[in-house]
Amino acid sequence: MNAHAEGPQQLEFQAETRQLLDLMIHSVYSNKDSFLRELVSNASDALDKLRLTAFQDKDLDADTSDLHIEIAVDKDARTLTIRDNGIGMSHEEVVDLIGTLAKSGTAELRRKLKEAKDAAASDELIGQFGIGFYSTFMVADKVTLLTRKAGHSQATRWESSGEATYTIETVDGAPQGTSVTLHLKPADTEDHLHDYTAEWKIKELVKRYSDFIAWPIRMDVERRTPAIADGDEPEKVEIETQTLNSQKALWAKSKDEVTEEEYTEFYRHIAHAWDEPLETIPMKAEGTFEYQALLFIPQHAPFDLFMRDGKTGVHLYVKRVFIMDDADELLPEYLRFVKGVVDAQDLSLNVSREILQQDRQIRAIRRRLTKKVLGTIADIQASRPDDYRTLWSEFGRALKEGLISDADNRDALLKIASFASTHSDEEQTTLADYVSRMKDDQTQIYYAAGESRQLLENSPHLEAFEAKGLEVLLLTDPVDEVWTSQVPDFDGKPLQSVAKGEVDLGSEADKAAAEAEREEKEKEFADLLGWLTTTLEDQVKSVRLSSRLTTSPACIVGDDFSMSPALERMYRASGQPVPATKRILELNPEHPLVQALRTAHAERPDDEAAAETAELLYGMALLAEGGELADPARFTGLLANRLTAGI
């Protein structure tokens, strides 16, 4: 093998990668055996991609006659090599994929690394970031990678001891595909570091972690024929190439043929995860559209679940042939956390993304998979409350996106959803449970939306509801602002924001008495309401007396169908122009400040101090609901003036 004239380059790892390698080298992860699963999984992906590329590009200069994975051991040199004849990598791909971490995750990873103080935290970190290749440094003090991309003439050799730098060079004469050679650390059973040159250990790991891999995993093994005791023949040692895995697709087997451990290892392979799935969903459909599916609901949300360039979609196979690993047409976007495989029998191997988007069979599969996943979540909710709480805390925010985008399954989503409420400080509630607790004369489901539970609980909007013992849902995810404006009701009960429209609480008799009292109050405060509407015309649509306040002087509310300020901000942040909406200022006629302002205006209608107090009253109401002042400096100036005058 002759080095290219340029010779080897020495490059530095990205800072985040150095931190990660340091984590690996110091062996924080107890299950070090799983490095082999990661390398075999990467090799399997490379073989899948080569077969697909060769099918799509008939002119590709690549040998696909015997695609396989090979494991080779050198006991004397203490090296372990995992080799494939798959798609391979170019020089640029090696630098991009190994010299740096996935670009979208770097800032998040840096934060997580700082928090990873113990082994348990680090275990989860490893799982969340899918950092399979780096796991080699748990068991090796030097790693050498040699790779040639299919169709290219030159190869790339990469080597590192896992410290600050790596060397990389272009070389000639390498076979197609990738080989990773680990220069193994000494065995140390106390540190869970086994002898990975032992034939039995390699066989055990392949059987445990990678038995289902579709490609043959081969290894040269020794076959010993014992010496004949009374004869002259010594012990014979022959080398035989064995295939270590069964290559049986788990999704093609019935559930009773597969162990939980096999499902778990397949999930780890397909999702590049290190944890166990929360739920396994095998499916088989026969008839008009034949397909098999094996889906998994993870225990933990991936770090990129809400990133624009996050990896989504399940693996699509056609008749056991890999087509793509991110077929996002097979499940709606709000189920993007679901991992797994769909193997369709009647699609063409030539299927493209454009065809997937229009294919009638794909749409039918998508409908069935979606109903199955939502039905499974409903079963978990009914029978395994702890698992349901885990699932909803990790994926509830994504699932609620379906309330906006998937009208066909909206009822199913509303039934599996749960929300914080004033009923309990700890437990969330389903809408069905909320309805079961509604008071006899209550006709609406009340909710408050905002940035945090604390902010909502202290909001003036909740005062009358608390006083009358009415439960209010406390919605704090940004998506809540959107779906509540599009979902009219649940079980025939309309959803009503506590910050919109008029509030009529209590029995019919109470309402009649309250209406008479309110008419009287409106006469008393008519001059003040008219003056405030004029004084604050740049900020508010109108000023009226409130039936929702008990202790606060004022609050700001919207019309029944107006857009909330938070929703306006969300649309503007996404680049959509939204005209500013004026809202309504409501006053508590029993509050001393409002009564004093009425008296001051009646006695001194032209007093500038009263106008300043009116502006402060509006600003206080805005701040109380978590809003933002248009001119904080003016507000603090007015406040200082009023405080000074009052001392």
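Which residues have the most contacts inside the largest nonpolar core? In this predicted model, they are Trp158, Leu182, Leu369 and Leu399, and the core they belong to has 135 residues. Helix α2, spanning residues 34-56, gives the most to this core, with nine residues. A second core, separate from it, has 26 residues, and Phe525, Leu617, Ala621 and Leu622 are among them. As background, nonpolar side chains in soluble globular proteins tend to be buried together.

Leu182 shows what surrounds one of these core residues. Apart from neighbours within four places in sequence, Leu182 is in contact with Phe35 and Leu39. Its other contacts of this kind are Arg78, Thr79 and Leu80, then Thr136, Val139, Ala140, Lys142 and Val143.

The chain as a whole has 647 residues, and 49% of them are buried. Its secondary structure consists of 21 helices and 23 strands. Of the contacts in the chain with a separation of 6 or more, 72% are between residues 24 or more positions apart. The accessible surface comes to about 31,400 Å², and carbon and sulfur atoms account for 47% of that area.

A charged residue can be followed in the same way. Glu265 lies in helix α7, which covers residues 260-271. Glu265 counts as buried because its relative accessibility is 3%, and the cut-off for buried is under 20%. The side chain of Glu265 makes a polar contact with the side chain of Arg268, at 2.8 Å. Beyond four places in sequence, Glu265 is in contact with Arg37, Arg208, Tyr209 and Phe212.

Conventions. Residues are numbered from 1 along each chain as its sequence is written. This is a predicted model: local features need pLDDT of at least 70, side-chain atom pairs count only at pLDDT 80 or more; totals for chains, interfaces and linings use all residues. Side-chain values use heavy atoms; hydrogens and water are left out. Helices (H or I, at least four residues) and strands (E, at least two) are DSSP runs, numbered from the N terminus. Buried means under 20% relative accessible area, exposed over 50%, partly exposed in between (1.4 Å probe, protein chains only). A polar contact is a pair of N or O atoms within 3.5 Å; within protein, one must be able to donate a hydrogen and the other to accept it, and residues adjacent in sequence count only if both atoms are side-chain atoms. Contact means heavy atoms within 4.5 Å. Accessible areas come from the Shrake-Rupley method with a 1.4 Å probe; for residues, only the protein chains shown count as cover. A nonpolar core is a set of buried Ala, Val, Leu, Ile, Met, Phe, Trp, Tyr and Cys residues joined through side-chain atoms within 4.5 Å.
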